[in-house]
Amino acid sequence: MKFKHKIAALLLALPLFNSQAQDEIVYDQYFWNYYLVNPAVAGASRCSHVMGTFKKQWVGMDDSPITGTLSFRTRILKNLGLGAYGYYDKNGYSLRQGGQVSIAYHIPLTQNYGYFMKDRELQRQLSFGLSAVINHYGFDSKLFEDEDALSDNTIVNGGEDKGTYFNANFGTYFMWDRFFAGLSIANLLPTELEQLGADEPIRPMTFFIFAGYTFPVNSTIDIEPSAMFKFDENDNRQLDINLKYEQVLPDNPDFSYWLQMAYRHGLDPDNSQGLAFSPMGGINYKGFHIGYAYTLGLTDIQRHNSGTHEAMLGYSWCKVKKFCR
């Protein structure tokens, strides 16, 4: 097998046979949009948001992963929120598409119950959300031109189309002035990936816990520390620590920018290590939002690539000084 194909086979194995990596296709991008990790965030703000992201991992390696997402969330009626996202992921010869549709219910924790959204106070709120999830797995037809690949029963079984699978996610989200926190559970249904072979494990139930607080430095500057803890039934554990700086220009309230540093650490039993470091930033002008993130891996695979690049473009149907979570 050629070296290029060996790399492609490695990239293929990572997402399909490692259930932790499967979850990170979309959830790993939560720093752009907490809705991607928690369905209860849909409609939690008074704005409607649409966002697209593009991610190129492990630049410099052949057939490295490419992921794109498109999401939307909005508030309807008085206490309901709706959200949806779709994604496309190409990793070596593996192809995945899917998405989710969510509904959320928001309970106000203040005395301001105005009928119109513009009259209601949303800084104190408890939310619950549920989503239906669909994922489709397949292989690029070029894989079947490689004789070595055809010796793998997992690849040959079912051909190019590895099937469509359904699942569900649940989340709760709490806001109290400048404090926010969320708990969500992914893979509520014990779905077995039958087309990938008899030995393919059931995708584990995965838990996400995040919390943060926005500290005002003055009338135009905020500093927001936050953390995300992820763990699953297989005892895979991961901790993210984030620190964000945001500023609205004093002479132009329609323009603001933000900078953020993120550190990821693996907490798996007997294998605690730093995984990645990510500087990122973005600008907001009226309803438009643009962002960029660069991720430097801290594991051995980083020696074979020059990092991960990701871009975000979003729009909000309301006037916001910064991008709503």
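The protein chain folds into three helices and 15 strands, and what you're looking at is a predicted model. Here are some exercises to work through with it.

**Exercise 1. Get a feel for the whole chain.** What share of the 325 residues is buried, and what share of the contacts in the protein chain joins residues at least 24 apart?

Solution. Start with burial: 50% of the 325 residues are buried. Next, take the contacts between residues at least 6 apart in sequence; 58% of them join residues at least 24 apart. Finally, look at the outside: the accessible surface is about 15400 Å², and carbon and sulfur atoms account for 62% of that.

**Exercise 2. Trace the strands E12, E13 and E14.** In which sense do E12 and E13 pair, and over how many bridges? Then do E13 and E14 in the same way.

Solution. Step one: E12 (residues 252–268) pairs with E13 (residues 271–285) in the antiparallel sense, with 14 bridges. To check the register, find Leu259, which stands opposite Gly281 in E13. Step two: look at the turn. The hairpin of E12 and E13 has two residues between the strands, and Asp270 there has a positive phi near 65°.

Step three: move on to E14 (residues 288–297), which runs antiparallel to E13 and is joined to E13 by eight bridges. Here Asn284 stands opposite His289 in E14. This hairpin also has two residues between its strands, and in its turn Lys286 takes a positive phi of about 55°.

**Exercise 3. Find the cores.** How many residues are in the largest nonpolar core, and which elements give two or more residues to this core?

Solution. The largest nonpolar core holds 22 residues, and Tyr34, Val37, Tyr85, Tyr173 and Phe210 have the most contacts inside it. Helix H2 (19–27) gives two or more residues to this core, as do strands E3 (80–91), E6 (161–176), E7 (179–186) and E8 (206–213). H2 gives the most, with three residues. There is also a second, separate core of eight residues, with Phe31, Trp32, Trp258 and Ala262 among them. As background, nonpolar side chains tend to be buried together in soluble globular proteins.

**Exercise 4. Work through the ring pairs.** How many aromatic pairs are there? Which kind of pair do Tyr34 and Phe180 form?

Solution. The count is 20 aromatic pairs. For Tyr34 and Phe180, the centres are 5.8 Å apart with 70° between the planes, an edge-to-face pair. Tyr34 lies in the loop between H2 and strand E1 (49–56) and Phe180 in strand E7, so this pair links parts of the chain 146 residues apart. Both Tyr34 and Phe180 are buried.

Now try Tyr35 and Tyr85. Their ring centres are 6.2 Å apart and their planes are at 75°; planes over 60 degrees apart count as edge-to-face, so that is what this pair is. Tyr35 is in the loop between H2 and E1, while Tyr85 is in strand E3, 50 residues away. For burial the cut-off is under 20% relative accessible area. Tyr35 is at 0%, so Tyr35 is buried; Tyr85 is at 7%, so Tyr85 is buried too. Beyond its neighbours within four places in sequence, Tyr85 has contacts that include Val26, Tyr27, Leu36, Leu70 and Gln100.

**Exercise 5. Follow the cluster to a charge.** Which residues do ring pairs link into a cluster, and which charged end sits over the ring of Trp258?

Solution. The cluster takes in Tyr30, Phe31, Trp32, Tyr34, Tyr173, Phe180, Phe210 and Trp258. At Trp258, the charged end of Lys244 sits over the ring, 5.1 Å from its centre.

How values were computed: Residues numbered from 1 in each chain as written. Predicted model: local features only at pLDDT ≥ 70, side-chain atom pairs only at ≥ 80, totals over all residues. Heavy atoms only, no water. Pairing = 2+ DSSP bridges. Helix = DSSP H or I, 4+ residues; strand = E, 2+ residues; numbered from the N terminus. Core = buried A, V, L, I, M, F, W, Y, C linked by side-chain atoms within 4.5 Å. Buried < 20%, exposed > 50% of the residue type's maximum accessible area, 1.4 Å probe, protein only. Contact = heavy atoms within 4.5 Å. Areas by Shrake-Rupley, 256 points an atom, 1.4 Å probe, with all protein chains shown as cover. Phe/Tyr/Trp six-rings, centres within 6.5 Å; stacked < 30°, edge-to-face > 60°. Lys NZ or Arg CZ within 6 Å of the ring centre and 35° of its normal.
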